[in-house]
Amino acid sequence: MRRRSLLLATCLSLGGLHLGGLVLPAAIGALAQAEGERQFDAAAARLRAGLGPDSALEWRSRSIDPVTGQARLQGVAIRRGKERISAEEATFNDLRADRVGRAVFTAVRVDSPNNDPARSNTLTAARVVASSLLLPALAGGPGVDWSAAAVEEAVAEGLRVEAADRSGAELGRLSIAGYAPGSVREAVLEGLRFTDRRDGETRIQLGRARLAGAAVPRLGQPFDPWALAADSALLEGLEVSVEKDDVRFRLGRTQLDNWGEGRLSALAVEGLAVEGAAPGSGPFTAEVGRIGLSGVAGRDTAYAIANDLNPPQSSPGQDQTGAIEGIAVALGGTPVLRIAAIRGLNTWDTAVPGTELGHLGVDGLTIDLPAEYGGAWLDSLGYKQIQAAIGIDTRLSRKDERLAVEPFAIDATGMGRFGLSMDVRGFDVPVPGQPVADDPMALMANWSVAGMGLRYTDLGLLRALIARQAAQERVPERQLRDRYAQMAMRTPLPGAGRGKEAPGVTRIREALASFARDLGTIELTIRPPKPVAFLEAVGFAGMPPEQAVRELNLTARATPPAR
């Protein structure tokens with residue numbers, strides 16, 4: 001009898017354990033699903049409250065995974081006024097009161113109707129994913145504070161915008177990483193195509209764009225473009241074509257670093273090209289291989305220009321550099337202009353504190369003028385093209401308000417070399433941030449010139465002109481040169497009577513006559529006893545010679561060519 005009791009108790013115990021093994025997991029699952037349902041309902045209620053009274057959040061069906069807590073919705077729709085957002089399916093993981101661990105939306109559609117049907121548009125996306133999405137509650141209310149929203153990563157793929165006005169856009173992928181209120185760690189856009197067919201066809205294509213370390217407006221806040229800042233912005237593979245104007249624009253790569261208020265920016269542009277057709281001249285192309293700038297207060301300079309303010313100035317120790325390389329222009333398939341490089345530098349003289357040194361150089365300048373624009377005339381002189389280099393060096397002392405140009409030079413191969421030097425006083429740099437002067441000439445009113453020199457060395461141009469004229473007149477070149485020398489000595493001058501010419505004027509005549517005979521180098525120099533007004537100095541050629549000699553100490557010197 002005792003054995004039977006033990007056996008019965010054992011069977012009952014085993015049966016209880018078996019039933020417990022079935023009931024307990026089911027009970028736990030039911031509790032997990034109930035908790036998932038509760039969290040989802042709370043999140044949905046907050047979202048409805050945040051959307052406002054004229055809004056609705058709906059879905060066709062939903063399910064909650066009792067193990068993972070994942071919520072899956074079918075046929076999701078959000079309506080807010082006339083705008084409607086829908087998704088074929090949405091899944092949510094790690095759903096909490098104020099955040100979502102991961103959200104995935106497929107077949108997204110946004111309809112934005114407008115009272116003007118031509119301005120209505122529709123946006124679709126194949127897939128949208130958001131990870132670590134933070135949705136803080138509004139202070140004192142159940143709604144979402146969208147201005148404080150944040151997301152660790154968000155990706156949208158297969159985006160497309162269609163507008164009723166026959167324009168549309170496609171975007172392969174858009175990703176955002178590390179967005180927090182007012183900042184984004186990185187945003188990348190890939191595969192953009194835009195088409196506008198309202199007036200002919202305008203196409204825009206962009207391979208890739210990237211923004212890193214950026215300060216941006218909070219969601220729902222007013223947009224101020226001047227408050228934008230970024231560690232880096234990149235564009236790659238940009239192409240624009242405008243059918244109406246028959247113009248095409250291409251940009252290989254552009255990168256802008258350190259953009260923002262008070263920051264020194266750097267810009268790099270590669271592969272810039274414009275081509276099309278112009279009335280009268282036909283097809284044209286213009287290309288630039290590379291553009292580079294560094295040490296420039298980009299945002300502050302742009303803000304000053306946009307608001308008619310004086311731009312910022314560099315400070316001691318801040319060098320500014322710039323370069324444009326590989327410039328080429330062609331008309332009708334024929335090259336007309338090529339420049340190997342334009343380079344500029346603004347730096348500081350370490351030996352003389354407070355003194356800025358500037359340099360601008362144009363290297364490898366080649367001009368092929370069309371026949372109707374002077375090319376035939378140059379060809380008649382034996383020049384198939386113009387090859388030249390241009391340079392200017394400056395020294396500026398802000399404290400002394402003194403600018404020295406030393407020198408500005410143009411060197412045309414086989415033609416001639418021109419140089420200009422100048423010592424300008426009263427050169428007051430405009431105060432940054434102050435309104436731009438209405439009359440730019442007013443800035444020059446305080447300028448005066450303490451010295452100026454002009455220098456020209458003939459390397460063949462004047463000889464070619466003399467040779468052609470001599471051939472046309474059938475006279476020896478030496479005879480023609482002597483004729484010009486005599487004209488320099490005998491031409492009457494205003495303000496001077498015959499035989500009463502000042503010695504200084506005579507010496508200038510003699511220098512000009514010597515240059516006419518030898519075609520070497522001629523130099524004109526003014527060194528007034530005291531600085532004279534800038535406009536008066538640069539206009540010395542229009543003065544009576546005796547006045548220029550007397551007031552500006554005008555002198556001339558001729559040097560024969562090296563034998």
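**Exercise 1.** In this predicted model, find in which sense β19 and β20 pair, and over how many bridges.

*Solution.* Start with the two strands: β19 covers residues 402–412 and β20 covers 416–425. They pair in the antiparallel sense, over nine bridges. To see one of these pairings for yourself, pick A409 and look across to β20, where its bridge partner is G419. Now follow the chain through the hairpin, which has three residues between the strands. There you will meet G414, with a positive phi near 70 degrees.

**Exercise 2.** Work out how β20 pairs with β21, and which residue of β21 stands opposite G416.

*Solution.* Stay with β20 and move on to β21, residues 448–458. This pair is antiparallel too, with 10 bridges. Next, locate G416 and look across: D458 in β21 stands opposite.

**Exercise 3.** Which elements each supply at least two residues to the largest nonpolar core?

*Solution.* First, find the core: it has 24 residues, and those with the most contacts inside it are M422, V424, F427, M452, F534 and L554. Second, list the contributors: the strands β19, β20 and β21, together with the helices α7 (503–518), α8 (534–538) and α9 (545–552). Third, zoom in on F534. Setting aside neighbours within four places in sequence, F534 touches M422, V424, M444, W447, S448 and V449. Finally, look elsewhere for a second, separate core of 19 residues, which includes A209, L238, I327 and L378. Here is a general idea to keep in mind: in soluble globular proteins, nonpolar side chains tend to be buried together.

**Exercise 4.** Decide whether α7 and α9 are roughly parallel, antiparallel, perpendicular or oblique to each other.

*Solution.* Begin with the geometry: the two helices pack at an angle of about 110 degrees, and their axes are 9 Å apart. Then compare with the cut-off: 65 to 115 degrees counts as roughly perpendicular. Therefore α7 and α9 are roughly perpendicular. Now see who meets whom: G504, V505 and I508 from α7 meet P545, E546 and V549 from α9. Sorted by class, this contact has four nonpolar residues, one polar and one charged.

**Exercise 5.** Which residues of helix α2 are buried, and what do they pack against?

*Solution.* Find α2 at residues 298–306; its buried residues are G298, R299, D300 and A304. Next, look at their surroundings: these buried residues pack against the strands β12 (247–259), β13 (265–278) and β14 (282–296). Last, step past the helix to D308, which follows α2 and has a positive phi near 55 degrees.

Methods:
Residues numbered from 1 in each chain as written. Predicted model: local features only at pLDDT ≥ 70, side-chain atom pairs only at ≥ 80, totals over all residues. Heavy atoms only, no water. Core = buried A, V, L, I, M, F, W, Y, C linked by side-chain atoms within 4.5 Å. Buried < 20%, exposed > 50% of the residue type's maximum accessible area, 1.4 Å probe, protein only. Helix = DSSP H or I, 4+ residues; strand = E, 2+ residues; numbered from the N terminus. Contact = heavy atoms within 4.5 Å. Axes fitted to C-alpha atoms, helices over the stretch in contact; angles between N-to-C directions. Parallel < 35°, antiparallel > 145°, perpendicular 65-115°, else oblique. Nonpolar A, V, L, I, M, F, W, Y, C, P; charged D, E, K, R; others polar. Pairing = 2+ DSSP bridges.
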